[in-house]
Amino acid sequence: MKIVKTIDEVRTQVKEWRTQGLSVGLVPTMGYLHEGHASLIEASKRDNDRTVVSDFVNPIQFAPTEDLESYPRDINRDAQVVEEHGGDLIFNPEPKEMYRDGFVTFVDMSVLTEELCGLSRPTHFRGVCTVVSKLFNIVRPDRAYFGKKDAQQLAVIKRMAEDLNMDIEIIGCPIVRESDGLAKSSRNTYLNEEERRAALVLSKAVFCGINEVKSGQKNCKNILDKMKGIILNEPLAKIDYVKMVDAKTMRQIETLDRNALCAMAVYIGKTRLIDNFFTEDIL
Ligand code: AMP
């Protein structure tokens, strides 16, 4: 397993693999890797001969008020995780390697980015689409792996790959959770003991929503009201959104008559956490 910092080094390595006829999977991450990231590496390893993990805290997907500076970073720890799970190359560039002086080109998307996280983070998906496009152009993978934990991001990347004719298969992988239900996230490290306990309202609400859908409830408001009730009971929790949207367009729906995404963002103290489920995964 190798760690490289430059685009040239990635290209040289991938070219060598290509001349050997090997397939390549890409797992884009912002580092501080946990079992959720590890599951993506394992999925890539199952499908591809070689796996590249990008490890880059992408500054342009953070708004000025967000946690770019405090976002946890530990490349040595990440290297161990990638090694353990069989990744072949870590691409860990400095911001100036990805955004050279004079950088002015961005990939943007409408519709899918106008709901859910796009409302409270209006420049976020432009940053995500831009960096993922760049990573796709740098690595030129056969397949790229994204977690359903970031469900809107997955939908956006799938749409981008389709709209821009990127010849890359986008694969969504299940949410990996802690044993008590909390979705694994690098941001969970921000939580103190009390907040960690309070954060369980997200997964509790998700499991409640799943049970409602499984029991045949089709009225989205009824499902969402029950979920919100659980969250509102927790004094440390503040709802950003809890919504049901069409899984492809991310537009809100009132009746469960298609594949839907039920998604939430909730502040626990100052930490913003997300969780969700797709109805097609449970029905
Ligand atoms: P991040 O480093 O948080 O940007 O995440 C990198 C990738 O890992 C994204 O595709 C995430 O959706 C995915 N991911 C993060 N947490 C989890 C999780 N708990 N389960 C599955 N995938 C995850």
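Helices (H or I, at least four residues) and strands (E, at least two) are DSSP runs, numbered from the N terminus. This is a predicted model, where local features need pLDDT of at least 70, side-chain atom pairs count only at pLDDT 80 or more, and totals for chains, interfaces and linings use all residues. Residue numbers start from 1 along each chain as its sequence is written, and side-chain values use heavy atoms, with hydrogens and water left out.

**View 1. Welcome to the shell around the ligand.**
Here 17 residues surround the ligand (each with a heavy atom within 4 Å of it). The closest are His37, Gly147, Asp150, Val176 and Lys184. β2 (24–29), α2 (35–47) and β5 (143–147) each supply at least two shell residues, and α2 gives the largest share, with 3 residues.

**View 2. Now look at the polar contacts of the ligand.**
These are pairs of N or O atoms within 3.5 Å. One ligand oxygen is 2.9 Å from a polar backbone atom of Met30. A ligand nitrogen is 2.8 Å from a polar backbone atom of Val176, and a backbone N or O atom of Lys184 lies 2.8 Å from a nitrogen of the ligand. Taken alone, the ligand exposes 490 Å², and the protein buries 93% of that (Shrake-Rupley method, 1.4 Å probe).

**View 3. Finally, meet the helices α9 and α10.**
Helix α9 (residues 200–214) packs with helix α10 (residues 220–232) at an angle of about 155°, their axes 9 Å apart (lines fitted to C-alpha atoms over the stretch in contact, with angles from 0 to 180 degrees between N-to-C directions). That makes the two helices roughly antiparallel, the term for angles over 145 degrees.

Conventions:
A polar contact is a pair of N or O atoms within 3.5 Å; within protein, one must be able to donate a hydrogen and the other to accept it, and residues adjacent in sequence count only if both atoms are side-chain atoms. Angles under 35 degrees count as roughly parallel, over 145 as roughly antiparallel, 65 to 115 as roughly perpendicular and the rest as oblique.
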